[in-house]
Amino acid sequence: MEMSMILKPEAVRVLSAASSKKRLLHELGGIAEAAYGIDHAAAVEALQERESLGPTGVGHGVALPHARIDGIDEVVGAFVTLEKPVDFDAVDRQPVDLAFALFAPRDAGVEHLKALALVSRTLRDPSVCAKLRSNSDPATLYTIVTEAQAVQAA
């Protein structure tokens with residue numbers, strides 16, 4: 001699985017106005033709707049439902065919210081950087097400024113887990129995160145995220 005298979009360039013954004021975790025999840029739902037045609041309300045509800053099981057803030061300023069949704073047939077993602085970090089109940093209690101949301105079909109067993117592992121590996125790399133934090137152009141951010149995997153594999 002490659003990052004470019006789950007993330008479209010138009011699903012990468014820089015957010016200046018996400019003032020809370022709830023607002024961030026709404027923004028991610030909006031991106032999913034615009035880029036993939038996923039129902040906004042369903043996306044937000046599914047992300048919030050998953051968050052109620054336990055926060056997806058994985059530490060070091062990174063959150064990986066994810067949800068299973070009816071009506072889609074492949075795993076897709078949305079990536080954002082935040083100009084102003086938000087509290088995300090992360091495991092290390094640090095605010096989040098990088099968020100990669102995954103939306104998977106309700107019955108997407110192993111594909112969902114593979115995508116989650118890929119995104120997690122990519123955003124665990126401090127040099128990738130540093131590059132992401134020092135850029136504000138969505139096209140550049142997309143390139144960094146999708147090419148990081150190729151560099152790691154080499």
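This report describes a predicted model, taking in turn a pair of helices, the strands that pair with one another, and a few individual residues.

## Helices α2 and α3

Helix α2, which covers residues 21-36, and helix α3, which covers residues 40-53, have axes that come within 8 Å of each other and cross at roughly 140°. The two helices are therefore oblique to each other, and their crossing is right-handed.

On the α2 side, the residues that take part in this contact are Lys21, Lys22, Leu25, His26, Leu28, Gly29, Gly30 and Glu33, and on the α3 side they meet His40, Ala43, Val44, Leu47, Gln48 and Glu51. Sorted by class, the contact of α2 with α3 is made up of five nonpolar, five polar and four charged residues.

## Strand β6 and its partners

Strand β6 runs over residues 96-105, and ten of its ten residues are buried, so the strand is largely enclosed by the rest of the structure. Pairing partners of β6 in this model include β3, β4 and β5, and they can be considered one after another.

Strand β3, consisting of residues 62-63, pairs with β6 in the parallel sense over two bridges, and within this pairing Ala63 stands opposite Ala99 of β6. Strand β4, residues 66-69, likewise runs parallel to β6 and is joined to β6 by four bridges; here Arg68 is the residue that stands opposite Ala104 of β6. Strand β5, residues 76-86, pairs with β6 in the antiparallel sense, over seven bridges, with Thr81 standing opposite Leu98 of β6.

## Strand β5 and strand β1

Besides its antiparallel pairing with β6, strand β5 also pairs with strand β1, residues 7-15, in this case in the parallel sense and over five bridges. In the pairing of β1 with β5, Leu7 stands opposite Gly77 of β5. Strand β5 is mostly covered, since eight of its eleven residues are buried.

## Lys8 in strand β1

Lys8 is found in strand β1, and with a relative accessibility of 33% this residue counts as partly exposed, because the value lies between the 20% below which a residue is buried and the 50% above which a residue is exposed. Leaving aside residues up to four places away in sequence, Lys8 touches Ala35, Tyr36 and Tyr142.

A further relation links Lys8 to a residue much later in the chain: Lys8 and Thr146 are 138 residues apart in sequence, while their C-alpha atoms are 9.8 Å apart in space.

## Two loop residues with positive phi

His60 lies in the loop between β2, residues 57-59, and β3. The phi angle of His60 is near 60°, which is a positive value in a residue other than glycine. With a relative accessibility of 68%, His60 counts as exposed, because this value is over the 50% cut-off.

Arg93 is found in the loop between β5 and β6, the two strands that pair in the antiparallel sense. Its phi angle is near 65°, again a positive value in a residue other than glycine, and at 75% relative accessibility Arg93 counts as exposed.

How values were computed. Residues are numbered from 1 along each chain as its sequence is written. This is a predicted model: local features need pLDDT of at least 70, side-chain atom pairs count only at pLDDT 80 or more; totals for chains, interfaces and linings use all residues. Side-chain values use heavy atoms; hydrogens and water are left out. Axes are lines fitted to C-alpha atoms, for helices over the stretch in contact, and angles run from 0 to 180 degrees between N-to-C directions. Angles under 35 degrees count as roughly parallel, over 145 as roughly antiparallel, 65 to 115 as roughly perpendicular and the rest as oblique. A crossing is left-handed if the near helix is turned anticlockwise from the far one by less than a right angle, and right-handed if clockwise. Contact means heavy atoms within 4.5 Å. Ala, Val, Leu, Ile, Met, Phe, Trp, Tyr, Cys and Pro count as nonpolar, Asp, Glu, Lys and Arg as charged, and the others, Gly among them, as polar. Buried means under 20% relative accessible area, exposed over 50%, partly exposed in between (1.4 Å probe, protein chains only). Two strands pair if DSSP finds at least two bridges between them.
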